[in-house]
Protein chains: 2
Amino acid sequence: MKSRKPKQAVVLLSGGLDSAVALYYAKAKGYKCLCLIFDYGQRHRKEILRAQRIAKTAGCLHKVLKITFPWKGSALLDKKIKIPEKLSAGVPVTYVPGRNIIFLSFAISLAETIKAGAVFIGAHSQDYSGYPDCRPEFLRAFSRMAKAGTLGKYEITAPLLRKNKSQIIRLGKKLGVPFELTWSCYSGGKIPCGKCDSCRYRAKGFKEAGQPDPLIK
Amino acid sequence: MKSRKPKQAVVLLSGGLDSAVALYYAKAKGYKCLCLIFDYGQRHRKEILRAQRIAKTAGCLHKVLKITFPWKGSALLDKKIKIPEKLSAGVPVTYVPGRNIIFLSFAISLAETIKAGAVFIGAHSQDYSGYPDCRPEFLRAFSRMAKAGTLGKYEITAPLLRKNKSQIIRLGKKLGVPFELTWSCYSGGKIPCGKCDSCRYRAKGFKEAGQPDPLIK
């Protein structure tokens, strides 16, 4: 009997909780996943190392792609800008203009090359509503653009788009996501700072999901 | 009297003829231009050096951005694939999946950062109809995606889109484009090979425009 060739997908992996859940979701849907990890001048390398470990733990190949954002202006890239310690309204200072647009562009270029039929991204609009490149209308427009500008047909899949953090954590728990490997804190210390936006959303999510965060001893 | 702040634009510059005409067109429209040049593992560095000289000659600042396409598959990136010596039908082997999508994504990220209102690209659909990321429907879809995924409003302007090579050359002549600095040949020799797609289209264009090509002695 001829064995079926598994469906292939490119998965954007950041080292954070959301993209790890997106990866395990794609795997559960039967995709053979190639993880794409960006080294783009983040404040710390911890999330890149965590992304690589998550890919390996999931039994998937990965590529780390080094890109330069030669322009500053976001607290995630510029160490001179202080990461805020309270939940921000509107667009946060951690916004990097066009970041998801650039990441998705590389992902569809890779998908076209390896003939993958899907690209998975862990974006969700509820927690970080201030980032314009996480909005459902952006993802729809990106899919249409990708269809017009390439030869393939890539489904841009954002399975977490309508979920909040606690729903994402519950889904991840069900899928066996190794949460202890994920890193959400904007700082790269030994333990999460507990004060930045990302730490606060994570803590709130685990609390609401009724789960302990394995990173917090 | 308060002096008006000039309109700003990001211009994608490749070292070729088309993007040089797009730059001079943007200047003629009153834009202060920042040229964005990519070092993406081209077969030769000549076009990058030419792009830098064109920007300087036009009196514009420029940025060279190094990016990696870690996947092969195009004759423009992979020296093992031979550049064809006749005009190709359909999608040429020089096609790099998602190249313009990636270039434009960086351009709008830069435009958002410097608060430029326009992005210029020298794409035109008539000569290279085989490249899906030069088509008018792609550029329209990209503009819509950029509006949905960023905070700014960027006009993606492709002034050459409906022109053929001889019309582009005539326009460039009128605008004072230094054609002697532009480089179209896919090979990086001392003189153009005269055989690749790009050389043939250039020669045809100059002939039809009734102009001598200053690169051909």
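Buried residues make up 48% of the 217 residues in chain A. The model is a predicted one. Chain A holds six helices and five strands. Along the sequence they follow the pattern β-α-β-α-β-α-β-α-β-α-α. Among contacts in chain A between residues at least 6 apart in sequence, 71% join residues at least 24 apart.

**The nonpolar core**

- Nonpolar side chains tend to be buried together in soluble globular proteins.
- The largest nonpolar core here has 116 residues.
- V11(A), V119(A), V11(B) and V119(B) touch the most other members of that core.
- Take V119(A), and leave aside its neighbours within four places in sequence: its contacts include A9(A), V10(A), L104(A), A107(A) and I108(A).
- V119(A) is also in contact with A111(A), Y154(A), I156(A) and T157(A).

**Where chain A meets chain B**

- The contact takes 35 residues from chain A and 35 residues from chain B.
- On the side of chain B, three elements give two or more residues: β3 (61-66), α3 (99-114) and α4 (136-149).
- Helix α3(B) gives the largest share of that side, with 10 residues.
- By class, the side of chain B that touches chain A has 19 nonpolar, nine polar and seven charged residues.

**Helix α4 of chain A**

- Helix α4 of chain A covers residues 136-149, which is 14 residues.
- At 1.5 Å a residue, this helix should span 20 Å. The C-alpha atoms at its ends are 20 Å apart, so the expected span and the model agree.
- Which residues of α4(A) are buried? They are F138(A), L139(A), A141(A), F142(A), S143(A), M145(A), A146(A) and G149(A).
- The cover over these buried residues includes parts of both chains. From chain A come α3 (99-114) and β5 (155-157). From chain B come α3 and α4.

**Two crossing helices in chain B**

- Two packed helices are described by the angle between their axes and the distance between the axes.
- In chain B, the axes of helix α5 (residues 165-175) and helix α6 (residues 197-209) come within 8 Å. They cross at roughly 65°.
- The crossing of α5(B) and α6(B) is right-handed.
- Helix α5(B) makes the contact with K165(B), S166(B), I168(B), I169(B) and R170(B).
- Helix α6(B) makes it with Y201(B), K204(B), G205(B), F206(B), E208(B) and A209(B).
- By class, this contact has five nonpolar, two polar and four charged residues.

**Loop residues to look at**

- Most residues other than glycine have a negative phi.
- K115(A) is not a glycine, yet its phi is positive, at about 65°. K115(A) sits in the loop between α3 and β4 (118-120) of chain A.
- Is K115(A) buried or exposed? K115(A) counts as exposed, because it has 8 C-beta neighbours inside 10 Å.
- K115(B) is not a glycine either, and has a positive phi of about 60°. K115(B) is found in the loop between α3 and β4 (118-120) of chain B.
- K115(B) is exposed, with 8 other C-beta atoms within 10 Å.
- G41(A) lies in the loop between β2 (31-39) and α2 (46-57) of chain A. With 15 C-beta neighbours inside 10 Å, G41(A) counts as partly exposed.
- G41(A) and G176(A) are 135 residues apart along the chain. Their C-alpha atoms are separated by 30 Å.

Notes:
Residues are numbered from 1 along each chain as its sequence is written. Chains are lettered from A and ligands numbered from 1 in the order in which they are written. This is a predicted model: local features need pLDDT of at least 70, side-chain atom pairs count only at pLDDT 80 or more; totals for chains, interfaces and linings use all residues. A nonpolar core is a set of buried Ala, Val, Leu, Ile, Met, Phe, Trp, Tyr and Cys residues joined through C-beta atoms within 7 Å. A residue is buried if 20 or more other C-beta atoms lie within 10 Å of its own, exposed if 12 or fewer, and partly exposed in between; C-beta atoms are placed from the backbone. Two residues are in contact if their C-beta atoms, placed from the backbone, lie within 7 Å. Axes are lines fitted to C-alpha atoms, for helices over the stretch in contact, and angles run from 0 to 180 degrees between N-to-C directions. Helices (H or I, at least four residues) and strands (E, at least two) are DSSP runs, numbered from the N terminus. A crossing is left-handed if the near helix is turned anticlockwise from the far one by less than a right angle, and right-handed if clockwise. Ala, Val, Leu, Ile, Met, Phe, Trp, Tyr, Cys and Pro count as nonpolar, Asp, Glu, Lys and Arg as charged, and the others, Gly among them, as polar. The expected span of a helix is 1.5 Å times one less than its number of residues.
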